[in-house]
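Visitor: I have a structure open and would like to learn how to read it feature by feature. Could you walk me through it?

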Amino acid sequence: MNEINTREAAWELLTEFTQSESLRKHALAVEACMRACARKFAAGSAEESLAEEEDLWGIVGLIHDFDYDRWPSLDDHPYKGNAILKERGWPEVISRAVMSHAEYSGVTRDTPMEKALFACDELAGFITAVALIKPSKSLAEVDVKSVRKRMKDKAFARKVNRDDIINGAAALGVDLDEHIALCIEAMKAIAAELALDGSAAKPA
């Protein structure tokens, strides 16, 4: 893998432009979901190429919103980020995937990786929101049933577009419940990094 598009370089890029802790955690959550999707959907033939695919998908998840903290308007995000990626020599496969996750960018989602990013983005945020209302503030208490129940409650996490979650899974060709379960498990693996391991509910 080219030195510029390593996981370390992606994390440096994210932290350079994103000061918000919640946005950094969202990036980590989407990265985890994307890595899980890569293991399931990436078309690698050898073990090495599958590992490279997983890294690539993870990096795309990690940096998909790296410009949002600084430029949150629809006029700027993800266009500013795209310009920075091109300026710094990031490969087209990454910059195009980042552009494709915005419905309004006009960039179509053609590859499994691009479809997975769209399918994971809003869902990762929604799973986080569900975990945060649990008494323990822990992903251990989150399951598919609790996510589906909250999706029906329009007042809950109202900024999360339910249609994006539903359509994203459909475009990826995966059953919605199956996709929710995959993302919950992926996020559970990094629950401590996301502060969704129950520690936030404990008194200091």
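Visitor: Let me start with the cysteines. How far is the sulfur of Cys183 from the closest cysteine sulfur?

Guide: This is a predicted model, so the answer comes from its coordinates. The general idea is to find the closest sulfur partner and compare the separation with the cut-off for a disulfide, 2.5 Å. Here the sulfur of Cys183 has its closest cysteine sulfur in Cys33, 3.6 Å away, which is too far for a bond. Seen from the other side, Cys33 has its closest cysteine sulfur in Cys183, again at 3.6 Å and too far for a bond.

Visitor: How many disulfides does the structure hold, then?

Guide: Zero.

Visitor: Are the two cysteines buried or exposed?

Guide: For this you look at relative accessible area, where under 20% counts as buried. Cys33 has 0% relative accessibility and is buried. Cys183 is buried too, with a relative accessible area of 0%.

Visitor: Next, helix packing. At what angle do α4 and α5 pack?

Guide: With a helix pair, take the angle and the separation of the axes together. Helix α4 (residues 79–87) and α5 pack at about 180 degrees, and their axes are 10 Å apart. An angle over 145 degrees counts as roughly antiparallel, and α4 and α5 are therefore roughly antiparallel to each other.

Visitor: Which residues meet there?

Guide: From α4 come Tyr79, Asn82, Leu85 and Lys86, and they meet Glu92, Ser95, Val98 and Met99 of α5. Sorted by class, that contact has four nonpolar, two polar and two charged residues.

Visitor: And how do the axes of α5 and α6 cross?

Guide: The axes of α5 (residues 92–100) and α6 (residues 112–132) come within 9 Å, crossing at roughly 40 degrees. That angle makes α5 oblique to α6. As for handedness, α5 passes α6 in a right-handed crossing. On the α5 side the contact involves Val93, Arg96, Ala97, Val98 and Ser100, while α6 brings Met113, Glu114 and Leu117. By class, five residues of this contact are nonpolar, one is polar and two are charged.

Visitor: Ser100 caught my eye. Is Ser100 buried or exposed?

Guide: Combine its place, its accessibility and its contacts. Ser100 is found in helix α5 and is buried, with a relative accessible area of 0%. Leaving aside residues up to four places away in sequence, Ser100 touches Ser105, Val107, Thr108, Arg109 and Glu114.

Visitor: What is the handedness of the crossing of α6 and α8?

Guide: That crossing is left-handed. The axes of α6 and helix α8 (residues 162–172) come within 8 Å and cross at roughly 150 degrees.

Visitor: Which residues build that contact?

Guide: On α6 they include Pro112, Ala116, Phe118, Leu123 and Phe126. Among their partners on α8 are Arg162, Ile165, Gly168 and Leu172. The full contact of α6 with α8 divides into 10 nonpolar, one polar and four charged residues.

Visitor: Now the backbone. Which peptide bond is cis, with omega near 5 degrees?

Guide: Omega is the angle to check here. The bond in question runs from His77 to Pro78. Pro78 sits in the loop between α3 (47–63) and α4.

Visitor: What about phi: what value does Lys137 have?

Guide: The thing to look for is a positive phi in a residue other than glycine. Lys137 has one, near 50 degrees. This residue lies in the loop between α6 and α7 (144–152), and Lys137 counts as partly exposed at 30% relative accessibility. Ala157 is another residue other than glycine with a positive phi, near 45 degrees. Its place is in the loop between α7 and α8, and Ala157 is partly exposed at 24% relative accessibility.

Visitor: One last stop, Ala192. Where does Ala192 lie?

Guide: Ala192 is in the segment after α9 (176–188). Exposed means over 50% relative accessible area, and Ala192 is exposed at 58%. To relate sequence to space, compare separation along the chain with C-alpha distance. Ala192 and Gln19 are 173 residues apart along the chain, and their C-alpha atoms are separated by 19 Å.

Conventions:
Residues are numbered from 1 along each chain as its sequence is written. This is a predicted model: local features need pLDDT of at least 70, side-chain atom pairs count only at pLDDT 80 or more; totals for chains, interfaces and linings use all residues. Side-chain values use heavy atoms; hydrogens and water are left out. Axes are lines fitted to C-alpha atoms, for helices over the stretch in contact, and angles run from 0 to 180 degrees between N-to-C directions. Helices (H or I, at least four residues) and strands (E, at least two) are DSSP runs, numbered from the N terminus. Angles under 35 degrees count as roughly parallel, over 145 as roughly antiparallel, 65 to 115 as roughly perpendicular and the rest as oblique. A crossing is left-handed if the near helix is turned anticlockwise from the far one by less than a right angle, and right-handed if clockwise. Contact means heavy atoms within 4.5 Å. Ala, Val, Leu, Ile, Met, Phe, Trp, Tyr, Cys and Pro count as nonpolar, Asp, Glu, Lys and Arg as charged, and the others, Gly among them, as polar. Buried means under 20% relative accessible area, exposed over 50%, partly exposed in between (1.4 Å probe, protein chains only).
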